[in-house]
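The exercises below ask the reader to work from ring geometry to pockets, cavities and single residues. Each task is followed by a solution that goes step by step.

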Amino acid sequence: MTTKYVLITNGEEKVNQLIASHFENRGYECLLLFYDKKVYEHYALLNPDHKAIYIDNVEERILREKLLDALEGNPIDSLIHGNEMLDEEVIFDQDPLKLNQIIVDTLNQIYVVNKVVIGQMVKPKKGKVIFPLFYDPLYYAGYSSSPILNQAKLSLMKCMSRELGAFKLNVNAMTFGYYNNEFEKVEKKSMKNKVEIFSLKPKLPTLEEYIPALGILIDGPSELMGGENVHVGAGIETGI
């Protein structure tokens with residue numbers, strides 16, 4: 001079996017580390033990209049067998065060299081733009097201008113990573129690009145929410161899908177619903193009551209339970225999918 005390589009950005013966040021672990025267990029070669037040096041060093045110390053790289057200045061040349069070195073010249077088959085788990089409301093209340101800069105910087109990082117990685121996918125006409133998201137209305141149940149960044153990513157995803165379809169690249173998003181964020185027993189019961197606005201007698205899946213669904217966008221029928229925002233979780237749906 002040919003080894004498939006997956007690049008996952010925002011390695012600082014637990015959900016993205018879980019994504020890497022899941023696909024590694026399925027035989028993929030995963031590489032986590034970190035933007036925070038301290039978190040990267042801590043992760044590398046605890047997970048010496050997992051591939052990870054750190055970049056403090058997201059520039060094309062530097063990123064290209066880091067990827068070339070880490071993957072020993074092997075091409076990336078799938079690019080997963082890991083979720084930032086940003087709580088936009090909290091940042092906006094503290095400093096609206098800071099939120100604006102974070103959004104701009106995040107989209108710039110996505111742009112540079114796309115330019116480097118997708119540039120490698122275009123010639124062989126093979127590759128997958130995925131944006132894992134979390135459902136905006138979870139805000140009303142007390143979860144962190146990133147509606148500005150989510151809408152920007154969805155718009156970008158659809159534009160990329162139209163442009164890159166000619167090169168047989170599949171670009172999609174997957175939106176996860178409510179989840180068990182390591183709640184204590186009492187807190188978990190309270191959260192279940194809150195998310196009944198989406199589904200009666202809801203189950204609170206763990207992040208680990210959601211992650212295998214990403215396989216839909218990497219394996220099997222994924223060759224037939226492009227520009228889709230796949231929703232996972234009871235009562236989770238949007239018109240986008």
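Rings of Phe, Tyr and Trp (its six-membered ring) pair if their centres lie within 6.5 Å, and planes under 30 degrees apart count as stacked, over 60 as edge-to-face and the rest as tilted. The model is predicted, so that local features need pLDDT of at least 70 and side-chain atom pairs count only at pLDDT 80 or more, while totals for chains, interfaces and linings use all residues. Residues are numbered from 1 along each chain as its sequence is written, and side-chain values use heavy atoms, with hydrogens and water left out.

**Exercise 1. Which residues do ring pairs link into a cluster, and how is the pair of F176 and Y210 classed?**

Solution. Begin with the whole structure, in which a search finds ten aromatic pairs. One of them joins F176 and Y210, whose ring centres are 5.3 Å apart with 35° between the planes, and this pair is tilted. Next, place the partners: F176 belongs to strand 6 (residues 169–176) and Y210 to helix 8, 34 residues apart, which makes this a link between distant parts of the chain; here helices (H or I, at least four residues) and strands (E, at least two) are DSSP runs, numbered from the N terminus. Both F176 and Y210 are buried, a term for under 20% relative accessible area, whereas exposed means over 50% and partly exposed in between (1.4 Å probe, protein chains only). Finally, the cluster linked by ring pairs consists of F134, Y143, F176, Y179, F183 and Y210.

**Exercise 2. Describe the two largest pockets by volume and lining.**

Solution. First fix the terms: on a 1 Å grid over the protein atoms alone, a cavity is a set of points where a 1.4 Å probe fits but cannot get out, a pocket is an open set with protein on both sides within 12 Å along at least five of seven lines, and lining residues have an atom within 4 Å of a point. Grid points are joined across faces, edges and corners, and a volume is the space filled by probe spheres set on the points.

The largest pocket has about 300 Å³, and its lining includes N10, E12, E13, Y35, D36 and E84. By class this lining holds four nonpolar, three polar and five charged residues, where Ala, Val, Leu, Ile, Met, Phe, Trp, Tyr, Cys and Pro count as nonpolar, Asp, Glu, Lys and Arg as charged, and the others, Gly among them, as polar.

The second largest pocket has about 260 Å³; 17 residues line this pocket, and M85, Y179, N180, N181 and L207 are the closest to its centre. Two or more lining residues come from each of helix 1 (14–25) and helix 8 (207–210), and helix 1 gives the most, with three.

**Exercise 3. How many cavities of 30 Å³ or more are there, and what lines them?**

Solution. The count is two. The largest cavity has a volume of about 130 Å³, and of its 16 lining residues the closest to the centre are N83, F134, S144, S145 and S146. Helix 6 provides the largest share of this lining, three residues, and the classes are eight nonpolar, five polar and three charged. The second largest cavity, of about 30 Å³, is lined by T9, N10, Y35, H81, E84, T106, Q109, I110 and V113.

**Exercise 4. Is K153 buried or exposed, and which residues does K153 touch?**

Solution. K153 lies in helix 6 (residues 147–164). Because its relative accessible area is 1%, K153 counts as buried. Leaving out residues up to four places away in sequence, K153 touches G82, N83, E84, I110, F131 and L133, with contact taken as heavy atoms within 4.5 Å.

**Exercise 5. Where do E72 and E182 lie, and what is the sign of phi in each?**

Solution. E72 sits in the loop between helix 3 (60–70) and strand 4 (78–80), and has a positive phi of about 55° although it is not a glycine. With a relative accessible area of 68%, E72 is exposed. E182 sits in the loop between strand 6 and helix 7 (185–194), where its phi is positive, near 55°. E182 counts as exposed because its relative accessibility is 60%.
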